[in-house]
Structures are given as structure tokens and as C-alpha cells.
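Before the conversation starts, please take a moment to look over the model and its sequence.

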Amino acid sequence: MNLLRLAERRRAQDIIMPYRVYQMVLEASKSKLLMHLCRLCFAMILSANLPICAEPLDTIVSRIHPLSAVEVKAQQGKTEAESTVPVQYLSDLQMKQLGISDISDALNHFSGVTLRDYGGAGGIKTVSVRGMGASHTAVSYDGIPLSDVQTGQVDLGRFSVRQIRSLGLRVGDNFNLLQPARSAAAAAMVDIGTLQGGLANGIGHLHIGIEQGSWDRYGATIYGRHRLSQAVALSALGDYLYSGNGYPYTLRNGFKTSREHRTNSRMLSYHGEANLFWTPSEHNEVTLKAYYYDNNHHLPGIVTLYNPYNAEVQHERNAFAQGRWLHTRMEHWSLQILGKYNWAQSHYQDRRPIYTGGRYDQSYWQRETYTSAVLAYSSDTWGVSWASDYIYNNLNSNQALAEDASRHSILNSLTLSYTPRRWQLNARLLGACYLNHADGQVHARNAHRLSPSLSAAYRITADNSLNIRIFYKDIYRVPTFTEAYYYHLGNTNLRPERVHQFGAGMTFDRYITKWLPELKVLVDAYSNRVRDKITSIPISLYTWRTLNIGRVNSQGLDASLSAIAQPAAGHRLTLSTHYTWQRVVDRTARGTNVYDRQLAYIPRHSGSLSAGWENPWVNIALNTIGASSRWGTHEHSHGTKLKGYMELGGALWREIHFSGFSAEVRAVIHNMLDKQYDIVNGYPMPGRAYLLSLTLNL
């Protein structure tokens, strides 16, 4: 008994002594981080010295015990509410909760967005933000911008939500100190993050998904990641989609209606990419990506009476390799270097007997070399960065475009950030220089300009739940190669479009109670002015001319509300609603038939509403999108008015866990009420459609 009491006394001393040392260090430490470390160390010592009566010493230290991977899921933080400019995000988890299964569904859940959708799976989809035109909206892929110097627009229909980890929309400037100068050279930016796997995602993971839907739609996805060592990880993604797209629609001719089917609308696309993540030291991080995309699709053409035939096809291919190196030093200094080489081909054919040889061919080849370097310094209250980018673009074609059109772009930006107390103040000055060259003809005008941007936000409440913000940005875009050189259309004397953006808003994001952990409200008003708008007008039946004749003014209001409720254990309710009012009018010349009229395809009112219920049985999501009437022409010509629409959809899904893997079964229905409507005049959208999918996570 005495021996037992002596052992217990010594064990108690082993606990008390570290505790006394812990108290001394805790009282002497002024750093919160050091205090937390002290508490953690004491907890580890305490757990190691807790008495376990009548048990032998554990032999766990004699060998290595591998631990299984743990995946942590969390909602998006307060980035949207704390930003000095309007920012909206959707994570893959949020898209799942809201029942989103298509890129157009996801984009319709952002305020201020006007989507042009030509219908069908894989159909062309471009985004205009706040009435500025699709060419003013840039797209970045895993942090590095995409480009199409031929048309200036990136087709978002090439991306599937199956490969997206996060989707964001930013208006104005993102004042991230490590942002490349090229990302600041756009009025708005769509950020796409893919399903990457970094070093912290466990040893390995495999994701396999298949889907089947209406009108001969079939898709498959495979994604895997593997950690080779503590410093190196690999991931790869493959994606396949086929759709016949022969959906029915109603054709009206006066009092007569007929039921028709979409023809010449088949598409087949696939893409693959591989990623390398390398962390050679705690101060260095390297990411490499190789990407390939192939889309062979038919063009159904506009719906016209008694002429359903169309024989146009297009084959698009795109490949690029990009890399990023991030170096941090002494907690304050950061250096980022980006590099990318991009190649793209577009081959168009019109297969009709009216052409010599029975077809008409157009082929275009684009190449781009891009490099960027950013040096940043940051402290607790202020930061500064300098970014310098160089881009070389080249385009050639078998048409009378130019034998070889090229452009050198040199971009430099200086960014300042200051956060005194409750303020966030940001400023950026972007200097851009564009040098053009074209073999065989006069090249487009060179351009250079300094573009400032400013933003500020103020935290009204100490907990940062209520904020107000304001921003201004001056930016411009240079003419695309099509606008400058294309046969019977281009004009080498075009000036860049100039845009002045003004915006102000209020944000609220707060934890209310345990059963209502999130309530978020974002409201922003804006006014934009576009000068020297590039517009194409007809000179004759076959010849058009592109000129700087346009002035466009836009005013609008974007509002969104989202909430998360947890009424009981195992139950989760989500609600998300967005509303946009915008007045985008032509202010070029008084007395004309387009003056002060809403631009084509831009509705005054649009919005979306989504609700989801996660439960232990079958998760449910309902969503609806809608827009008021629009016009198909700037002149508001008779017969070109498109009616307003509202589309209702839903989804059911269940995730089942097994030993070592999980499976998710999902059923989605689009356009539940089978409403027919057009987003683009003459291109009917699909009616009621289903989509079934099965996903395995190994």
C-alpha cells in the first residue's frame, strides 16, 4: 500500500510541476499565440501523465501507426461581407445544397449577372455583368486568367460544375496584394477553382461520377489525388460529356402552332488536366497545371418558320500549361511568379451544296505566352505590392483576316492597402500598354493608359457584422482581333472602350443563434458609364462596319439574402435569394430610334430563389430563376420583344457511407413546369428535363 501511495504521489507531482511552469510562462507571455501554445503543451503533458490504474505501459511508441485522412468541410467565411468591392462566392458544397447541376444555374445565383444562353447541354454561355458587355468580364482558372483574343469572350459553357470547387464573381478590383496586373485589367472577374488536391488532403483519394439525362445526355468524371511525400502531391481530372440535345419546342405561326425538335445540336466534349503541388520548404510553394479541352459540336442555328435545316459544325480545341511559384520571407515579404503558354484552335464548317466543294471552312489558331511577377510587403495595418505582367498574343487564320496578327501587352500595377482601426482603404494604379502588329495590312492602333481604382469599407459594428463600402474604378478594353481585322467587319482605327464604375453598398453578416448560425444580407447600388463603345453596324447586305459610336449609361441595384438554420440535430435548412434591377440605356445620339432605350437582352428585373433541406433521409432542394421581358434588338423593333420567364427546378440526393468509401445518388429536374422561353431570340431553351447521377468517393 505504501508503494502504491508513493507512486500516486510521484504521478501527482508529475502533473503539478508542469502546471506550475505553465502558469509562470502564461503570466509572463503577452502574445495570444504563445498563450494558446502553452495551453496546448500543458494539455499534451497532462494527457501523457494521467494515471491509468493497473494497466501496463503502452507500446505505441515502438512503431508507426498510420492515421486515416480526415476531411473538414466549412462554409465560406465573411469574405463577401468584409470586401471593399462586391464579391459573391459559391462553393461546391453550397452548389450541392442548393441543387445546382449546371454552370448556368450557378451563374444565375449571382446578382448583377445577365447570362446569354443559346440552350442545351454544353451550349454557348457568356456573362455580362452590370450591363457592361461580355468582353468586360474576364475569367480566371485556378488564379490565372483565361483569354480569347479573337472574340474577347470566354465561353463558360465549357465548364461543368462537376469539376468546380468554387465559383466567384467580383466587380471592380480585388485588392489582394498578390493579384497579377492582368486580373486588374477587367471591369469584372469570374473566378473558377477546380477540384484540386493539395498536400493537406491525406495520402490518396479517388472520385468517380457518372450521369445520364434527358435527350441522350451522358457524362462521366474521374478525379484522383495522391501524396507522394510530405512535399509532393499529384492530382488528375478527366471529364466527358455527350448530349444529343434534340429537345422539343413549340413553334408558333400566327394562330397555328406545331411541336418541333431541335436539330443539328449534338455535342461531344471532354477535357483532362493534371496538377503537381510541391512544397520544397516552409517558405516556398510551387503549383503546375497541364490542361486540354476538346469540343466537337453542331450549331443548331436560329429557329425560323419552315426552315429547320442547319448544317453548321464547330470543333474547338484548347491546351495550356501554367505554373505558379510563391515565396514568403520573414512573415512580411512575398514574391509570386506566374507563367503560362496557351494554344487554341477553332474550326468552323458550313456543309451546304451552295459552296464550292460542298462546304465552307473557317479555321483560327491562337497562341499566347504570359508571365507575371508580384512583389508584396504587408504588416498588421498596411501593405504594398508591385505587379508586372507581359502577354504576347498571336492569331492567324485561313480567312482574309490577316496572315499573322499579334499583340504585345505590358501591364504594371501598384497597389496600396491601409487598415486603420475599423477602416479598410485600398488604391491601385494600373498602367497598360498595347502594341499591335499585323502582316500584310495596317495594324490596329496601339494603346496606353493609366487606370486608377479606389475602394473603402467601414465596420459600423465592433464584431464586423455590419459594414458599408464604396468603390470607383476606371478601366478600358482594347478591340479584339475580330473587331479590328475581320473581313467586311473590322476597323483598325478603333479606340478602346472606356468604363467608369461607381458603386456603394452595405453588408450584414452575423451569427444570430445556435439554430440560426448565419444570416447574410448584401445590398449594392451602382452607376457605370461606357464611352467609345465599339458597335458593329450594317453598311450593306453583306458588309458591316465596326465603329466607336456608342455611349452607354447603366444604373442598378443588386441585393441578396442568405440564411442557414439548424432547427434540430441532423437537420439543416438553407435559403438563398438574389434580385437585380438594372437600367442600361444607349446615350449615343438624341433623336435616334435607340436613344435612351434599354439595350438588347438586358432585363430590368431578374432574380433567383433557392431553398434546401438536409436531413437524415433524403436531402431536398428547390430553386427558381426568372427575368422580366427583354428586347431582342436595341431599336425595340416590333416582334422582337421576349416575354418574361420563370423556371422552377429541384433536386433529391442522398449520401451513403460504407466501410472505406461513400456514394452519392442524385436526381435533378430542370424546368419542372415545362415552360418554354428564349434567353436569346430564336434559340428556345429546353423544357422539362431530368438528370440522374451516381458519385463514388474512395
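What follows is a short exchange between a visitor and a guide about a predicted model.

Visitor: Which strands stand at the edges of the open sheet ordered 1-6-7-4-5?

Guide: The open sheet is built from five strands with mixed pairing, arranged in the order 1-6-7-4-5. An edge strand has a single partner strand, so one of its sides is left without a neighbour in the sheet, and this holds for strand 1 (87-91) and strand 5 (144-145).

Visitor: Which residue of strand 5 does Ser140 stand opposite?

Guide: Strand 4, covering residues 137-141, runs antiparallel to strand 5, and two bridges join them. Within strand 5, the residue opposite Ser140 is Pro145.

Visitor: How many of the residues lining the largest cavity are nonpolar?

Guide: The search of the whole structure finds eight cavities of 30 Å³ or more, and the largest cavity has a volume of about 590 Å³. Its lining consists of 30 residues, with Ser135, Ser147, Arg182, Ala185 and Val478 lying nearest the centre. Strand 4 is among the elements that give two or more residues to this lining, as is strand 18 (382-397). Divided by character, the lining of the largest cavity holds five charged, eight polar and, for the class you ask about, 17 nonpolar residues.

Visitor: Which element gives the most to the lining of the second largest cavity?

Guide: The second largest cavity, with a volume of about 430 Å³, is lined by 28 residues, and those closest to its centre are Asp102, Gly120, Ala121, His670 and Pro686. Two or more residues each come from helix 5 (103-107), strand 2 (113-117) and strand 35 (689-697). With three residues, the element that gives the most to this lining is strand 35.

Note on methods. Residues numbered from 1 in each chain as written. Predicted model: local features only at pLDDT ≥ 70, side-chain atom pairs only at ≥ 80, totals over all residues. Heavy atoms only, no water. Pairing = 2+ DSSP bridges. Helix = DSSP H or I, 4+ residues; strand = E, 2+ residues; numbered from the N terminus. 1 Å grid on protein atoms, 1.4 Å probe; cavity = no way out; pocket = protein on both sides within 12 Å on 5 of 7 lines; lining within 4 Å. Points joined across faces, edges and corners; volume = space filled by probe spheres on them. Nonpolar A, V, L, I, M, F, W, Y, C, P; charged D, E, K, R; others polar.
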